[in-house]
Amino acid sequence: MSDALRKAEAAVREAETNTADVAHIVAAVLATQAAQQQPPVPAPAPIRRPIGPYIAAGIGGAVALTFLAMAAALLAVAVAVGAVCATVCLLVLRSVWQDMQRKGR
């Protein structure tokens with residue numbers, strides 16, 4: 001039994017030594033990795049664009065929208081004038097028709 005006991009004690013001592021060695025190796029690897037880490041890459045500077053074209057496009061769009069609104073209003077007026085003219089024409093023709101019907105009797 002003493003031989004088995006000695007072998008067990010030797011295995012325990014070897015395991016303790018191996019554990020300490022592994023801990024030292026892990027610490028060295030972690031230190032190396034920390035030293036080799038790259039600093040974070042800074043974000044690229046935003047691209048500066050001139051604002052002149054955007055202002056010109058905004059003004060141009062507003063002018064175009066204004067012209068379209070005026071065209072729609074003019075179309076509405078033209079339709080209204082046409083409706084009034086058609087109504088007057090129909091009333092005059094109805095009156096003429098009624099006069100012809102009365103004179104024909």
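**Group meeting: an exposed helical chain**

Let me begin with Ile59, which is exposed, with a relative accessible area of 52%. Please keep in mind throughout that what we are looking at is a predicted model. Ile59 sits in helix 2, which covers residues 52-104, and the chain as a whole has 2 helices and 0 strands.

Ile59 also belongs to a nonpolar surface patch of about 780 Å², and the other residues that make this patch are Ile51, Tyr54, Ile55, Val63, Phe67 and Met70. To put that in the setting of the whole chain, buried residues make up 0% of its 105 residues, where buried would require a relative accessible area under 20%. The surface that the chain exposes comes to about 9,700 Å², and carbon and sulfur atoms supply 71% of that area.

Let me turn now to charged side chains. In general, side chains of opposite charge can pair when their charged atoms come close. Here the count comes to 1 salt bridge, and the partners are Asp99 and Arg102, whose closest N and O atoms are 3.8 Å apart. That separation satisfies the criterion because the cut-off for a salt bridge is 4 Å. As for how the two residues are placed along the chain, Asp99 and Arg102 are 3 residues apart in helix 2, so about one helical turn separates them. Their accessibilities fall into separate classes: Asp99, at 36% relative accessibility, counts as partly exposed, whereas Arg102, with a relative accessible area of 60%, is exposed.

Finally, the cysteines. How many disulfides does a search of the whole structure find? The search returns 0 disulfides. Cys85 is in no disulfide, and the nearest cysteine sulfur to its own, that of Cys89, is 8.8 Å away. Cys89 is likewise in no disulfide, with the sulfur of Cys85 as its nearest cysteine sulfur. The pair is not assigned because a disulfide requires the two sulfur atoms to be within 2.5 Å. Cys89 itself is partly exposed, with a relative accessible area of 42%.

Technical notes:
Residues numbered from 1 in each chain as written. Predicted model: local features only at pLDDT ≥ 70, side-chain atom pairs only at ≥ 80, totals over all residues. Heavy atoms only, no water. Patch = residues over 30% accessible without salt bridge, like charges linked within 9 Å, V, L, I, M, F, W, Y side chains within 5 Å. Areas by Shrake-Rupley, 256 points an atom, 1.4 Å probe, with all protein chains shown as cover. Salt bridge = Lys/Arg side-chain N within 4 Å of Asp/Glu carboxyl O. Helix = DSSP H or I, 4+ residues; strand = E, 2+ residues; numbered from the N terminus. Buried < 20%, exposed > 50% of the residue type's maximum accessible area, 1.4 Å probe, protein only.
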